[in-house]
Amino acid sequence: MIEKVHTNENKADMLTKSLPKGKHEDCTFLAEKVKNKRFSFSSKILLIPPTAFQHGFLKKILTAAVGLELSVITQLDTSMSCILIQIGAIPMPSVASFGGMIPESLSGLNYLESLVLMANDFGGKVPESLGNLCNLIELDLSVNNFNGNVSEFLERLSACGSHRIESLRLNSNNFSGHLTSQIGNLTSLSLLDLGYNRFDGALPESIGQLKGLIRLVIHHNSFQGAVSEVHFTRLSRLEQFEARGNSLTLETPRDWIPPFQLRGMFLDYWHLAPEFPMWLQTQRQLDFLSLSSTGISAVVDLSSNQFQGSLPLVSSTLDILDLSNSSFSGSVVNFFCDKIPHQLTHLYIGNNLLTGKIPDCFRNWEELAVLELENNNLSGNIPSSIGNLVWLRLLNLRNNNLSAELPLSMQNCSDLIVADLGGNALVGSLPSWIGKCLLKLKILNLRLNNLRGAIPDELYSSDLNGVVVPFEFACGSVLQRNIDIMFLVTKGREAEYGNILGLLTSVDLSANIISGEIPEEITSLISLQNLNVSGNLLTGRIPSKIRYMGRLESLDLSMNKLSGEIPASMTRMTFLSHLNLSYNNLTGRIPESTQLQSLDQSGFLGNELCGAPLIKNCSASNVIPPTLEQERGYDLLEDEWFYLSLGLGFLVGFWGIFGSLLVNLPWSSIFARLLNSIVIKLHAVIV
């Protein structure tokens, strides 16, 4: 075969000389590049420069090639700046820009094993005679303008080359029509890419006979109908299934066990059954999964669907799992207690119908940074193993039926920034370790529980009194999902906080059974923006130093048993836009300021108060309005008694020393001599 080529070597040289004149530097460079790779040159290589790509010259070259008895060509690649026609097994670099239709003469290359025409401007129909290239191992017609039906071409190819072709790329063209069932005869295929075309109709069940298939790509076509387990019968080597953008329906039995282990599956815009495809739990090597218009990268995002049944078991290699806003139900025991260490960092299973206890199995989930189980029907206590989550930054268990006390082990979660445990049935007192150990805490929500006792003085030790760190910096940025979305009760209503959550600091202890006085130390939370302790049994006065909480925007002390007057220093709280002091035992006149008088009068009802914004007139009740000077008596540095005692202390100390010197003459004489010597030395230094 090789000898045949050599006998035509002179004719080939003559053909090369007859090419249109132009710059051949690219071809020369390519030839040198091939030589440098030390390939065997026992076979003939024909390099054609870019100037030959005009006026249908490809057709002439191929016709001439056959005439030169070069029918033993094994590779043809047109994707380079030079066409490289070769015999043997020399790998082909690729680049050019051909156009028009594929010449029929191409079918004369009987020994062709690799045909790569990708990324050109070829158009029209693929010649049926191309299916006669029975020795093809690789066929790449991708990224062109081919159109029409390829069924007859594929049927011919499957008839003669069914056991040879391994790679078939027809993607990114305008092919249309039904896909022939004969494609199932190409049993040596490891890659089949039909993406970005206009194929329609049902996906042939014979696809399931491609036992060597590793990657199947059919995305962005118009396939319709059902896909069942039959379509995957012999696909034991399948690793990648890309099928997004079709109108297919997945119909597999609940107990079906696939023959493959996928690394990636993309079924966006498919019609999935109401029940979550349980067979996904068998895919232990899954890195990429995208279902129902959700995109992932080492992430499973199945949120906002209508999946039913128990939570699926998930791969231990996942980083982020979002199963929120669906209809999953039942216990979470099997999900958390599979005895496999997980590297999951973000888990979202809130807003479902989950019931039962949270099992004490967090020892296998130690990488968790975000844990959201909100709005379910979970009951029992918070397990002590939550203390193993030392990287935890966001914990959201709100609106469940959790009871018992907060576990002591939770103090190990020292990186915790957001703790939302509201809307449960937690009991016991507010633990002091919240302020001692959770020093990075910025949002604390314990509203609507059964907590008792006093507010611990140590609460002010947390980061609520420090510099606000953006939440996305503290918790890490997740591109596929806005993890920083929460509902907080501020300014008298429940509001959703999204991107600005990281700029918020909040404490909500409302609707509990907390008693005692509001500790003066709470005013040290100078960065706090929202404070809500309404609906408790708090007594005593409003802290006089409350003006130091200058960033407060919302303050709710309503429905307690607070007494005394409203501190006049509140007139300095210029950021305050919501104030609710209603239904306490407050008395006196509301301090006058543009800030307080502009607030809603409903925030002052249920007290013995008068003055704007209330209708009740203070002069009619002979009420003397509190002044800022009167209130300053509560401040040590501004108290007149403080200055009086300071003056008395100075007099007593001064005369206690100097008076004794005056009475005791020997000591007085010694002290006088000492002062004289000091004065003499100072004079000598100065003069």
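**Figure 1. Helices and strands of the chain in the predicted model.** The chain holds twelve helices and 42 strands, taken as DSSP runs numbered from the N terminus (helices: H or I, at least four residues; strands: E, at least two). Of its 687 residues, 50% count as buried, that is, under 20% relative accessible area with a 1.4 Å probe, protein chains only (exposed: over 50%; partly exposed: in between). Residues are numbered from 1 along each chain as its sequence is written, and side-chain values use heavy atoms, without hydrogens and water. In this predicted model, local features need pLDDT of at least 70 and side-chain atom pairs count only at pLDDT 80 or more, while totals for chains, interfaces and linings use all residues.

**Figure 2. Close-up of the six-stranded open sheet.** The strands run in the order S31-S35-S37-S39-S41-S42, with parallel pairing; two strands pair if DSSP finds at least two bridges between them. S31 (452-453) and S42 (608-610) are the edge strands, each with a single partner strand, so one side of each has no neighbour in the sheet.

**Figure 3. Close-up of the pairing between S41 and S42.** Three bridges join S41 (residues 585-589) to S42 in the parallel sense. Arg 589 has Cys 610 of S42 as its bridge partner.

**Figure 4. Close-up of helix H5 (residues 151-160).** The buried residues of H5 are Ser 151, Phe 153, Leu 154, Leu 157 and Ser 158. Seen down the helix axis, they fall within an arc of 160° and so line one face of H5; the arc is taken from the directions from the axis to the C-beta atoms. These buried residues pack against strands S7 (138-140), S9 (167-169) and S10 (174-178), where contact means heavy atoms within 4.5 Å.
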